[in-house]
Amino acid sequence: MIGTRQNMKYHALFFLLVTTLALSSATVPSASLGSATKLHLIRGGGPYYESNPSYHSSSASTLGDLDEQGVYRGASSVRSKLQYTQYQRPPPITQAVRNYFVSLHQFSPTLFYGTTTSLVFFILWQFQSTSHSIGKILRNHFVCSRYNVMQKKRLHALVLSAFSHASLQHLAVNLYAYSTFGRSVKQTLVNQGVALWPFVCSASIFASLTFLAMDRGGGSCIGLSGVTLALLAFDSLVYPSKELRLFVSFVPIQLPAYYLFLGLVGISIAGIMGLVGGNVAHSTHLGGLLFGSLFYEAFKRGYVRQLNYKVRKAYYALR
């Protein structure tokens, strides 16, 4: 038994020695690849792993590696680029604003000129009290009222009043909605070869006429609300399940677009009936929502595309 135990001990030591030498420098033939795959030892000790010769990486680093300077280096080059951009400074505000307007003009000239025109008129409205001439021009040509449109025959006020804003809050809300829903509607219309600017101008005229038809107290209205609500109505009918996020008295609300459309219709009707107060032209809002709904029905039935084709054909025939 003693001799047998000694032999077993020697056999075990010999087996351990041969195994260690084999793992440190052996190659394992790969039948499928027809070549030898080399075994490596992970830095710092530990279990062995077999490298994949079919995987070609630009970097031999693994997760948790350090470079020569002792700085952590991620396993993915894409992640490294993302981490690098996070430490970059954003462009100056003037350049960011310029880039925004350049991209907006490239995407849609209608959205660009509507936005810039609203900004210019807003600045002019701030001088109405200090400059008599500026105030007179704005009140006569950029306000929708029975006096301007029906008595003085200033029909251009039906459109120009939509791009007129006197308060910053009114301007900010309308431009945000104009850009948000305008982009979506533009993509929908362009797929059928229809431009966005006829929609915007027609919505402005329709909403202004709705206001004049329901106004009985000699009031006036300005702002893009009729146009933006027309865009919202059309977009919500095209994509009724689209989730919209908005804030009501600083409370975040998320709901489908179609529910928002129905809610705005109800609020507009309640406002016209006097159930909702505030210095708001509810009839203009209702006109915009109604126009967007009618435009959707015409668009769905192909009438818009047919009319667009006939107008373009007549235009090119006259050239």
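This section describes the nonpolar cores, selected helices, a surface patch, a loop residue and the salt bridges of the structure.

The model is predicted; local features were accepted at pLDDT of at least 70 and side-chain atom pairs at pLDDT 80 or more, whereas totals for chains, interfaces and linings use all residues. Residues are numbered from 1 along each chain as its sequence is written, and side-chain values rest on heavy atoms, with hydrogens and water left out.

The largest nonpolar core comprises 43 residues. A nonpolar core is here a set of buried Ala, Val, Leu, Ile, Met, Phe, Trp, Tyr and Cys residues joined through side-chain atoms within 4.5 Å; buried denotes under 20% relative accessible area, exposed over 50%, and partly exposed the range in between (1.4 Å probe, protein chains only). The residues with the most contacts inside this core are Leu189, Leu196, Phe199, Val227, Leu231, Phe234 and Phe295. Two or more core residues come from each of α4 (109-125), α8 (168-190), α9 (197-214), α10 (225-238), α11 (257-272) and α12 (282-300), and α10 gives the most, with 8 residues. Helices are DSSP runs (H or I, at least four residues), numbered from the N terminus. Phe199 is in contact (heavy atoms within 4.5 Å) with Leu189, Ala230, Leu231, Phe234, Phe291 and Phe295, leaving aside neighbours within four places in sequence. A second, separate core of 7 residues includes Cys144, Val149, Leu158 and Phe211.

In α9, the buried residues include Phe199, Val200, Ala203, Ser204 and Ala207, as well as Ser208, Thr210, Phe211 and Leu212. The end C-alpha atoms of this 18-residue helix are 26 Å apart, in agreement with the expected span of 26 Å, which is 1.5 Å times one less than the number of residues. Thr110, located in helix α4, is buried at a relative accessible area of 17%. Apart from neighbours within four places in sequence, Thr110 is in contact with Tyr178, Leu196, Trp197 and Val200.

At the surface, Ile267, Ile269, Met273, Leu275 and Val276 make a nonpolar patch of about 490 Å². Patches consist of residues with over 30% relative accessible area and no salt bridge, nonpolar side chains (Val, Leu, Ile, Met, Phe, Trp, Tyr) being joined within 5 Å and like charges within 9 Å; areas were computed by the Shrake-Rupley method with a 1.4 Å probe, and for residues only the protein chains shown count as cover. Ile267 belongs to helix α11 and is partly exposed, with 45% relative accessibility.

Most residues other than glycine have a negative phi. Lys153 has a positive phi, near 60°. Lys153 is placed in the loop between α6 (146-151) and α7 (157-160) and is exposed, at 61% relative accessible area.

The count of salt bridges (a side-chain nitrogen of Lys or Arg within 4 Å of a carboxyl oxygen of Asp or Glu) is 3. Lys242 and Asp235 are paired at 2.7 Å, N to O; Asp235 is buried, with a relative accessible area of 2%, while Lys242 is partly exposed at 28%. Glu297 forms a salt bridge with Lys300, with closest N and O atoms 3.5 Å apart, and another with Arg301, at 2.4 Å. Glu297 and Lys300 both lie in helix α12, 3 residues apart, about one turn of the helix. Partial exposure applies to Glu297 at 30%, to Lys300 at 48% and to Arg301 at 47%. Shared partners join Glu297, Lys300 and Arg301 into one salt-bridge network.
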